[in-house]
Amino acid sequence: MSVDLARHYEDIFTTHVGNPDLNVVMIFAAEHLVYLVPLTLLYLWFASEGSRTNFEFGMPLTLSRFTTEDGKMRSVFIFTTIVISVAISYAMGQLYSHPAPYMVGYDTLLTEAPENSFPSQHTTVVFAFVWPLLYLQDRRRTGLVALVLASLVGISRVYVGVHYPIDIVGAIGASLFGFTLVYAARGLVMEFAGLCIRIEDRFLRIVSQVL
């Protein structure tokens with residue numbers, strides 16, 4: 001690593017000096033904002049029954065079909081995007097790796113177990129959550145708020161010293177590629193979502209009969 005680049009990174013990872021309030025915000029964003037993703041997926045699954053009977057599971061779905069208020073379908077679509085994106089992110093990490101900033105002597109706010117820093121899995125998850133949310137929502141406000149929060153996660157992961165900027169860029173790329181693949185296979189994804197819903201219905205009927 002060149003001296004100029006090393007100094008550039010040192011400037012990034014020492015911005016926390018003299019900013020205790022900002023440090024608290026960034027540490028919280030870096031470590032905890034990602035938990036909004038599973039909470040939102042659970043909310044989408046349990047809070048909205050929607051009109052799932054109107055879906056034709058065997059057919060490729062158009063944008064208009066995705067604008068239904070069915071939270072369960074959205075939840076499965078988003079969850080699938082996250083899983084595929086994380087798999088892509090993991091594969092990228094097998095092809096290229098470098099140590100995290102705290103492993104090479106930078107003065108960082110956080111340290112974690114020694115690991116490959118590229119790409120950021122936290123950032124992959126939150127952006128993989130954002131792209132389908134923007135696509136599926138009738139009202140874009142929720143998706144835009146999620147985009148802002150996801151950006152904060154990416155910035156905070158660099159600020160606290162657990163990732164380099166390139167790790168964030170790689171994560172965003174992985175999430176976009178993952179969303180593209182899921183969009184291309186949206187018909188199959190919606191079939192899978194329908195299967196999940198039918199399994200839940202059958203399970204609830206059995207439980208209700210037993211109780």
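The legends below describe views of a predicted model, going from the whole chain to a single residue.

**View 1. The helices of the protein.** The protein contains nine helices and zero strands, and when the sequence is read along its length the pattern that appears is α-α-α-α-α-α-α-α-α. Among contacts between residues at least 6 apart in sequence, 76% join residues that are at least 24 apart.

**View 2. Inside and outside of the protein.** Of the 211 residues in the protein, 44% are buried. The area that the protein exposes comes to about 11400 Å², and carbon and sulfur atoms supply 67% of this exposed area.

**View 3. A nonpolar patch on the surface.** Six names can be picked out in this view, since the patch is made by Leu36, Leu39, Leu42, Phe46, Val145 and Leu149, which together give a nonpolar surface of about 570 Å². Two helices, α3 (36–47) and α7 (141–159), each supply at least two residues of the nonpolar patch. Which helix gives the most to the nonpolar patch? That helix is α3, with four residues.

**View 4. Leu42, one of the patch residues.** Leu42 lies in helix α3, the helix that gives the most to the nonpolar patch, and Leu42 is itself one of the residues that make the patch. Is Leu42 to be called buried, partly exposed or exposed? Leu42 counts as partly exposed because its relative accessibility is 47%, a value to be set against the cut-offs, in which buried means under 20% and exposed means over 50%.

Terms used: Residues are numbered from 1 along each chain as its sequence is written. This is a predicted model: local features need pLDDT of at least 70, side-chain atom pairs count only at pLDDT 80 or more; totals for chains, interfaces and linings use all residues. Side-chain values use heavy atoms; hydrogens and water are left out. Buried means under 20% relative accessible area, exposed over 50%, partly exposed in between (1.4 Å probe, protein chains only). Contact means heavy atoms within 4.5 Å. Accessible areas come from the Shrake-Rupley method with a 1.4 Å probe; for residues, only the protein chains shown count as cover. Patches are made of residues with over 30% relative accessible area and no salt bridge: like charges are joined within 9 Å, nonpolar side chains (Val, Leu, Ile, Met, Phe, Trp, Tyr) within 5 Å. A salt bridge is a side-chain nitrogen of Lys or Arg within 4 Å of a carboxyl oxygen of Asp or Glu.
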